[in-house]
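Colleague: Could you take me through this structure slowly, and tell me on what grounds each descriptive word is used?

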Amino acid sequence: MTVRIQITYYGNVQGVGFRWNVMQIASSYSVTGYVKNLISGSVEMMVEGIRKEVMLMIAEVEEKLRDYWQTKETEERPGDPNFENFQVLHY
């Protein structure tokens, strides 16, 4: 089953290589989507793909980057995947 999960991470997530690390982790999984800094100082990540791959990727991001984020908001979004690859988006 295909899913789309959007997560916003709050904490010390900008200026620390958070997006670069997410990109490196995503390259190991069959997922699409994006990661981007938000004007609020948080980071938004959208991950699309087969549920197992998406959940494994998210778990790895959260484990490897746990020292940078304190809280998060997660929302599962209905619909088909919108992206062809995983990328860094800018404001």
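**Reasons behind the words**

Modeller: Let us begin with Arg77, which touches Arg4, Gln6 and Met46 when residues up to four places away in sequence are not counted. Please keep in mind that this is a predicted model.

Colleague: What makes Arg77 count as buried, partly exposed or exposed?

Modeller: Arg77, which is found in strand β4, has a relative accessible area of 31%. Buried means under 20% and exposed means over 50%, with partly exposed in between, so Arg77 is partly exposed.

Colleague: How do you know whether Asp67 is buried or exposed?

Modeller: The place of Asp67 is in the loop between α2 and β4, and its relative accessibility is 64%. Exposed means over 50%, and therefore Asp67 counts as exposed.

Colleague: And what should Asn12 be called, buried, partly exposed or exposed?

Modeller: Asn12, in the loop between β1 and α1, has a relative accessibility of 43%. Because that value lies between the limits of 20% and 50%, Asn12 counts as partly exposed. Leaving aside neighbours within four places in sequence, Asn12 is in contact with Tyr68 and Gln70. The C-alpha atoms of Asn12 and Asp67 are separated by 8.4 Å, although the two residues are 55 residues apart along the chain.

Colleague: Which residues of helix α1 are buried, and why are they said to line one face of the helix?

Modeller: In α1, which spans residues 18-26, the buried residues are Phe18, Val22, Ile25 and Ala26. Seen down the axis of α1, these buried residues fall within an arc of 95°, so they line one face of the helix. As a general point, an α-helix has 3.6 residues a turn, so residues three or four places apart point the same way. The elements that the buried residues of α1 pack against include β1 (2-11), β3 (43-50) and α2 (51-64).

Colleague: Why is α1 called oblique to α2?

Modeller: The axes of α1 and α2 come within 10 Å and cross at roughly 140°. Roughly antiparallel would need an angle over 145 degrees, and roughly perpendicular one of 65 to 115, so this crossing makes α1 oblique to α2. The contact is made by Val22, Ile25 and Ala26 of α1 together with Met57, Glu60, Val61 and Lys64 of α2.

Colleague: How many residues of each class does the contact of α1 with α2 have?

Modeller: By class, there are five nonpolar, no polar and two charged residues in that contact.

Conventions. Residues numbered from 1 in each chain as written. Predicted model: local features only at pLDDT ≥ 70, side-chain atom pairs only at ≥ 80, totals over all residues. Heavy atoms only, no water. Buried < 20%, exposed > 50% of the residue type's maximum accessible area, 1.4 Å probe, protein only. Helix = DSSP H or I, 4+ residues; strand = E, 2+ residues; numbered from the N terminus. Arc of directions from axis to C-beta. Contact = heavy atoms within 4.5 Å. Axes fitted to C-alpha atoms, helices over the stretch in contact; angles between N-to-C directions. Parallel < 35°, antiparallel > 145°, perpendicular 65-115°, else oblique. Nonpolar A, V, L, I, M, F, W, Y, C, P; charged D, E, K, R; others polar.
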